[in-house]
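Here is a short report on one protein chain and its ligand. Keep the structure open while you read.

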Amino acid sequence: MKNIAVFASGNGSNAENIVRFFNHNNSFNAKVLFIITNKKQAGVINKVKILGVGSFVFTNAEIAEPKQLIVLLKENNIDLIVLAGFLRPIPIELLKLYSNKIINIHPSLLPNYGGKGMYGFNIHEAVLANKEKETGITIHYVIEEYDKGEIIFQTKCSIAEDETVDSLAKKIYQLEQKHFPEIIEKVLAKL
Ligand code: GRF
């Protein structure tokens, strides 16, 4: 059995989807044990609570100096950390301990539209402003530099002439829901 911890700061649609995929389906030999968040009001907390998964809130300082966090991860034999809308940097200590065992999902075709300031709707706004013909999602390993780790998976969607930020966000949401759990499963199979 492989144990997953999901780190999330926001709404939690990906976290919820990952919990549904692994925790409510016995054919996968893996489970989300808990969520780590830096926001005590994050939507993700209630979304997973009703699915029987608890959340731990850590302050930004406790994430930057992750002694307690590491104890929690080790005590629970966490094998893989999944970032799903987690908006804090991962400290070096944790990156070293979980080398190639931390993955992130990013709502663009990296290396395009990654890095500083590129999160949430900012990304879709920039993509539309540049009149791109396509965009997509990237799932990648996490390294010290933001959005620069090795790419595990990408998939694209086309951009319509009359595309809006909202309609694009819906397309990206669908890609994330469809692919993220399956890619996590593939990554776990290699551990
Ligand atoms: C997703 O678009 C993900 O790609 C990005 O942050 C967003 C999180 O959304 N990293 P949610 O909190 O899972 O709804």
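Lys131 comes just after helix H6 and takes a positive phi of about 55°. The model is predicted, so this angle is a computed value.

**Helix H6**

H6 spans residues 121–129. Its buried residues are Ile123, His124, Ala126 and Val127. They cover an arc of only 160° around the axis, which puts them on the same side of H6. What covers them? The cover includes strand E5 (102–106), strand E6 (134–141) and helix H7 (165–189).

**Helix H4**

Helix H4 runs from 67 to 75. Leu69, Ile70, Leu72 and Leu73 are buried in H4. Seen down the axis, these buried residues fall within an arc of 160°, so they line one face of the helix. Lys67, Gln68 and Glu75 are exposed on the other side of H4. The buried residues pack against several elements. These are strand E1 (2–7), strand E2 (30–37), strand E3 (54–57), strand E4 and helix H5 (92–97). Asn77 follows H4, and its phi is positive, near 50°.

**Ile78 in the loop**

Ile78 sits in the loop between H4 (67–75) and E4 (80–83). Is Ile78 buried or exposed? Its relative accessibility is 6%, so Ile78 counts as buried. The cut-off for buried is under 20%. Which residues does Ile78 touch, leaving aside its neighbours within four places in sequence? They are Asn3, Ile4, Ala5, Leu33, Phe34, Leu73 and Tyr98. Leu73 is also one of the buried residues of H4. Asn17 lies 61 residues from Ile78 along the chain, and 19 Å separates their C-alpha atoms.

**The ligand site**

Which residues surround the ligand? They are Asn11, Gly12, Ser13, Asn14, Gly85, Ile105, His106, Pro107 and Glu176. Ile105 and His106 fall in the range of strand E5 (102–106). Glu176 falls in the range of helix H7 (165–189). Three residues have a listed distance to an oxygen atom of the ligand, as tabulated here.

| Residue | Protein atom | Distance to a ligand oxygen atom |
|---|---|---|
| Asn11 | side-chain N or O | 3.4 Å |
| Ser13 | polar side-chain atom | 2.5 Å |
| Asn14 | backbone N or O | 2.8 Å |

Taken alone, the ligand exposes 370 Å². The protein buries 79% of that area.

**The whole chain**

The chain has seven helices and seven strands. Along the sequence they follow the pattern β-α-β-α-β-α-α-β-α-β-α-β-β-α. How compact is the chain? Its radius of gyration is 16 Å, close to the 16 Å that the globule rule gives for 191 residues, so the chain is as compact as a globular protein of that length. Its C-alpha atoms fill a box of roughly 50 × 35 × 35 Å along the principal axes.

Buried residues make up 49% of the 191 residues. The accessible surface of the chain comes to about 10,200 Å². Carbon and sulfur atoms account for 49% of that surface. Contacts also reach far along the sequence. Of those between residues at least 6 apart, 67% join residues at least 24 apart.

How values were computed
Residues numbered from 1 in each chain as written. Predicted model: local features only at pLDDT ≥ 70, side-chain atom pairs only at ≥ 80, totals over all residues. Heavy atoms only, no water. Buried < 20%, exposed > 50% of the residue type's maximum accessible area, 1.4 Å probe, protein only. Helix = DSSP H or I, 4+ residues; strand = E, 2+ residues; numbered from the N terminus. Arc of directions from axis to C-beta. Contact = heavy atoms within 4.5 Å. Near = heavy atom within 4 Å. Polar contact = N/O pair within 3.5 Å; in protein donor to acceptor, adjacent residues only side chain to side chain. Areas by Shrake-Rupley, 256 points an atom, 1.4 Å probe, with all protein chains shown as cover. Rg over C-alpha atoms; globule rule 2.2 N^0.38 Å.
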